[in-house]
Amino acid sequence: MNMHANSSSSASRRWRFNEAVAACQDIIGDRPVLVGIDCEALKINAGIVRKRLGNRGLCAILKGDAYGHGVKLVSSLLVDKCTHMAAVDNYELEALREVAPDMPLLRLRVGADTEINHAARAGWRVREMAASRDKLERISDIYAHLGTQAEIHLSLDAAGLGRNGFSFQNLDDIENLAQDITSMPNVSIASIACHLPDAGNANPFHRNDPSRVALERFRWAARALLRHLREEGRQLPEISAFSSASSYAFGEHDPLGELGCQMFDRIGSSLLGLTEGNRHGEQGTTQVMHVSTHVCDVVHRRAGESIGYEHAYTVDNANGESVALLGAGWLTLSRYHQGIGKTDLPAWCLGPDGARHNFLGRQSMNISTIKAKSAAGSTLKIGDMCYLTTDFHGADRGPTIARVAEWMGGVQHEFVTSSFGATPSSSRFLF
Ligand SMILES: *Cc1c(COP(=O)(O)O)cnc(C)c1O
């Protein structure tokens, strides 16, 4: 790896981020947590994924307000690299339909009747999911009422996830499902899919690997379903088996290619640069979200005084401790930073020069206490900007999203990006 090239590109991204913060200070200045979405990183990540997928389509997964990155900010930058886009809530689907008037859109969970109805009336042409015959009938009714065709993204629960997909044991189950669907005249299967929940730890070359076994079950079921649809003279659906981790683990030797359907992969985390450190992470991608905040004040406490709830941290330095106060607390930083029962947090943020400043004591809902002095000797002052999560300054040093997720007690990376991206204290912008 070329360390020099990496660190200089990280420096240029940092510079662009700081420029953007300075340029839009008037607009965003009253929200203390600044969430920068790196357009260049996003486009590069999408290019890397796009290239690896070869002939398969790319469905950008933008649920959870694009994992806290902002569905509007992100979708317009991705649209020309995608064949499909998917989200969950109607406000996301509405935004996607605006950005991409003709692209297939999927709702990635079974919708509530109210939201399906609203989406149908609005004419967004969303591929809906169902996990029971009853739900298929309701979707059929909603669309029949409007005199239009309902498209279904048919998920098969091949891996035992127990939620969005149809369960099946044998050929009869698949045949019955296919018959049910073809008996509803205004319903068509636009795509069939499975979700492999264990793919993050998969060993794709091991015969008994659970994801590989599930993929075999899915292939078997898909083949039976396709046979039925062919016999009925129906149009063949598309097929989608992979999310970020499974796409990387299994996609290269795609076992579904032989089925003769157009395929697409459903990619969320990798586009946002959140998987590079995983076992099956998208190599070469970088973090898209960077979060900073300003120092609100700096206070001094003498030796023996304590900081934070429950006196969780006691100053032991004979000269006392300077404490910088940040306008972001555990509502933003979340539970580990709250430091329940902890006096010695490993968590840190970065000062403007890239030096580490440790969190001190148990944190509050919307204010944090950090060491004003870094180990390198620099001292924070009022107004200085601190990075709460970033891979600028080198991923080995920064509070990367993966590292913050560890500090929070091993939460999912989506939890980190959503809490930073969407608190009332946060302001998101592109740079
Ligand atoms: C969220 C989701 C994905 C995307 O998962 P990533 O690991 O973030 O790529 C794919 N498929 C389904 C059904 C999902 O719900």
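Visitor: At what angle do helix H7 and helix H8 pack, and how far apart are their axes?

Guide: A helix pair is read from its angle and the distance between axes. In this predicted model, helix H7 (residues 113-122) packs against helix H8 (residues 133-146) at about 30 degrees, and their axes are 10 Å apart. Because angles under 35 degrees count as roughly parallel, H7 is roughly parallel to H8.

Visitor: Is the crossing of H7 and H8 left-handed or right-handed?

Guide: The crossing of H7 past H8 is right-handed.

Visitor: Which residues make the contact?

Guide: From H7, the contact draws on Asp113, Ile116, Asn117, Ala120 and Arg121. H8 contributes Lys135, Arg138, Ile139, Ile142, Tyr143, His145 and Leu146. By class, the residues of this contact comprise six nonpolar, two polar and four charged.

Visitor: Turning to pockets, how much space lies in the second largest pocket?

Guide: A pocket may be described by its volume and then by its lining. The second largest pocket holds about 270 Å³ of space. Its lining consists of 15 residues, and those closest to its centre are Ile189, Ala190, Gln235, Leu236 and Pro237.

Visitor: Which elements give two or more residues to that lining?

Guide: Helix H9 (171-182) and strand S7 (187-193) do so. The largest share, three residues, comes from S7.

Visitor: How many residues of each class, nonpolar, polar and charged, does the lining of the second largest pocket have?

Guide: The lining of this pocket has seven nonpolar residues, along with four polar and four charged ones.

Conventions:
Residues numbered from 1 in each chain as written. Predicted model: local features only at pLDDT ≥ 70, side-chain atom pairs only at ≥ 80, totals over all residues. Heavy atoms only, no water. 1 Å grid on protein atoms, 1.4 Å probe; cavity = no way out; pocket = protein on both sides within 12 Å on 5 of 7 lines; lining within 4 Å. Points joined across faces, edges and corners; volume = space filled by probe spheres on them. Helix = DSSP H or I, 4+ residues; strand = E, 2+ residues; numbered from the N terminus. Nonpolar A, V, L, I, M, F, W, Y, C, P; charged D, E, K, R; others polar. Axes fitted to C-alpha atoms, helices over the stretch in contact; angles between N-to-C directions. Parallel < 35°, antiparallel > 145°, perpendicular 65-115°, else oblique. Left-handed = near helix turned anticlockwise from the far one by under 90°. Contact = heavy atoms within 4.5 Å.
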